[in-house]
Amino acid sequence: MIRFVLSRVAQTLAVLFIASLIIFALMRMIPGDPVLMLLGDDYTEDAYQQLRARLGLDRSIVHQYVFWLRNVLQGDLGDSLLQHERVSRLVWEAFVPTLTLVVASLVVGVLIAVPSGVVAAQRKDSAWDWGSMGFAIFVYSMPAFWKGIILIWIFSVHLRWFPAMGYVPPWVDLWDGLWKLALPAITLGTFFSGLVARIIRSSLLEVLEQDYIKAARAKGVRQAALVYRHALANALIPVVTIIGLQFGALLGGAVLTETVFAIPGMGRLTVNAILNRDYSVVQGTILAGVFLVVLVNLAVDVTYAFLNPKIRVA
Amino acid sequence: MTAETILDVRDLTVDFHLDGTVLRAVDGISLSVRRGEIVGLVGESGAGKSLTSEAILRLIRCPPGRITGEVRFRGRNLLDLDEDALSRIRGREIAMIFQNPAGSLNPVFRVGAQLHEAMALHLDEPRPALRARVVDILARVGIPAPRTRARDYPHQFSGGMAQRVMVGMGMSCVPALLIADEPTTALDVTIQAQVLALIRQLARETGAAVLLVSHDLGIISQMCDRVIVMYAGRIVEQASIATVFGAPAHPYTRALVDCLPRVDGVERLGTIGGVMPGLRALPPGCRFHPRCPIAEPRCSVDVPALRALTPDHRAACHLARPGA
């Protein structure tokens, strides 16, 4: 188990290193010059060269990368080229709402996916099965921005149940926070639940055919315990992997969802930074995103090993 | 032979409703098991033995399955009980073990926990007592270092060890009947003997009756007091071990016995020509007649009833005579 975790950590570090290279290279490849944008109307050749030197952009690309990486390893993402703010601070401030949204969406998604997947599997080919699986495909295939707008139209404009936009940290004001988080979390969570419900259904159907389920029934385990304990414990193993794989997609979906609901998160920060060629902020946000996805996948692998004794013990 | 009858199956039929057709996999069989007795249920693959044993505990998914008839266990018809009442009998009064021991244990739970669960479901005993009994049972079924092994997961057990655990689990609540469905088919020959000996020993100690399902007449002959022979969903013969081997009345039983190798024999082993008919193409009359060496014209028309030749010997053959 410890060797397994260590080898996964080593892989994670390699992935992060490669990701940092790609992020850095891509940012320098897209056209546009931040120095020009910063100077605007104040442009003179002298001022341009001066500012370029001050920002370190006159050094070689390799030098810039090494310099950046060394600072990143010390936890310093640099300063924003445009705003007078530390990148780490900007990223952190944007990161918290995004992560809150993603976690809330995960919770909403699992809360919808587990019961509907279980019901569909238990009553295979019934109206319940068709209904919940039809719903799953429906919510999965609707794009987040469209679903968000529809939800706003129904629940904010017409019913006036939930606010249409804004973000308040739930730990600052629990009710107001959750209130404002509800529609975005449903928008993003239903996307996730559609996929997970289908996987739980097929995985559970397979598990319910296994001999150990028949054996458990033969020893007197009742139906509910059979499904929710004996079968689900096995059926959730592939689901954990899916959660990890989908975490990246969830972050991507969060960016769109934030835009619809005007949440000051990573999405807004990244898009604005790209538009302004704010290299250090873009690098910071993408690196933070990559770091999170890789970290979650590491956590998922460890959880997977924990859930699956065959990996844990071997 | 005056012991109380604990299991009395009457006219048990298992149908499967598939794509608009009805397949009758078990066709009106009746059998009984008395206290402390070991009864063998023998037949080729597909004869309906496993379905019969699963139908007794209603482990067949219905629909598409449908079970009719009566399964009287200590006077109560199990087919009339609701799921809740049934789950109090499963594992407590009737235990069952299966063909695939490695697959019978849930891979994500510790072996000890699964044993513990089996007892916790039915016995009203405090946790520490049950935990101690888990280790006791593992020791009794011959698992070395039972205390450590209880914390292992099923994949760390060999097939033979897993089946010994299953036997121990089956007997943990001291059931009146153990149904063993091909318990040694998946195991090596040397391990087979150990597991069979364990089943016999535990059954003797607890006074449990055993219904042993097997396709292997050799195993049946070592273990059982009585044999029930099934062919294509019906019982063709029912008799004591001595009668089945000494004076089988049904030509199918005779053919099965001839297929067994004998220590003193120099003759070639017998085989049965042809294959058992599938459920979609059952022949009329006696289902064995296409393969039967002594079939007469009426065998392909009339269904032979299961007739008593002596009080303890029944056969379903038009040509059967006592002692024939």
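**Notebook: contacts, domains and backbone in a two-chain model**

I looked first at the contact between the chains, which takes 24 residues from chain B and 20 residues from chain A. I note that the model is predicted. On the side of chain B that touches chain A, I find helix H2 (83-89), helix H3 (101-104) and helix H4 (111-122) of chain B, each supplying at least two residues. Sorted by class, this side of chain B has eleven nonpolar, nine polar and four charged residues.

**Domains of chain A**

I then took the domain assignment of chain A, which gives domain 1 (2-73) and domain 2 (89-313). I record 32 Å between the centres of these two domains, taken over C-alpha atoms. Between them, 17 residues of domain 1 of chain A are in contact with 15 residues of domain 2 of chain A. I asked which helices of domain 1 supply at least two residues each to the side that touches domain 2 of chain A. They include helix H1 (2-29) and helix H2 (34-39) of chain A. H1(A) gives the most to this side, with twelve residues. By class, I list twelve nonpolar, three polar and two charged residues on the side of domain 1 that touches domain 2 of chain A.

**Helices of chain A**

I checked the length of helix H4 (residues 61-73) of chain A. At 1.5 Å a residue, its 13 residues should span 18 Å, and the end C-alpha atoms are 18 Å apart, which agrees. Just after H4(A), I note that A:Gly75 takes a positive phi of about 85°.

I next examined helix H5 (residues 87-122) and helix H11 (residues 266-275) of chain A, whose axes come within 7 Å and cross at roughly 140°. I therefore enter H5(A) as oblique to H11(A), since only angles over 145 degrees count as roughly antiparallel. H5(A) makes the contact through A:Leu90, A:Ala94, A:Phe95 and A:Thr98, and H11(A) through A:Met266, A:Gly267, A:Arg268 and A:Leu269. I class the residues of this contact as five nonpolar, two polar and one charged.

**Positive phi in chain B**

I kept in mind that most residues other than glycine have a negative phi. B:Asp19, which is not a glycine, has a positive phi of about 40°. I place B:Asp19 in the loop between strand E1 (5-18) and strand E2 (21-34) of chain B. Is B:Asp19 buried or exposed? I count B:Asp19 as exposed, because it has 6 C-beta neighbours inside 10 Å.

B:Arg58, also not a glycine, has a positive phi of about 55°. I find B:Arg58 in the loop between helix H1 (49-56) and strand E4 (65-73) of chain B. With 19 other C-beta atoms within 10 Å, B:Arg58 is partly exposed, as 20 or more would make a residue buried.

Key:
Residues are numbered from 1 along each chain as its sequence is written. Chains are lettered from A and ligands numbered from 1 in the order in which they are written. This is a predicted model: local features need pLDDT of at least 70, side-chain atom pairs count only at pLDDT 80 or more; totals for chains, interfaces and linings use all residues. Helices (H or I, at least four residues) and strands (E, at least two) are DSSP runs, numbered from the N terminus. The expected span of a helix is 1.5 Å times one less than its number of residues. Axes are lines fitted to C-alpha atoms, for helices over the stretch in contact, and angles run from 0 to 180 degrees between N-to-C directions. Angles under 35 degrees count as roughly parallel, over 145 as roughly antiparallel, 65 to 115 as roughly perpendicular and the rest as oblique. Two residues are in contact if their C-beta atoms, placed from the backbone, lie within 7 Å. Ala, Val, Leu, Ile, Met, Phe, Trp, Tyr, Cys and Pro count as nonpolar, Asp, Glu, Lys and Arg as charged, and the others, Gly among them, as polar. Domain bounds come from an automatic or database domain assignment. A residue is buried if 20 or more other C-beta atoms lie within 10 Å of its own, exposed if 12 or fewer, and partly exposed in between; C-beta atoms are placed from the backbone.
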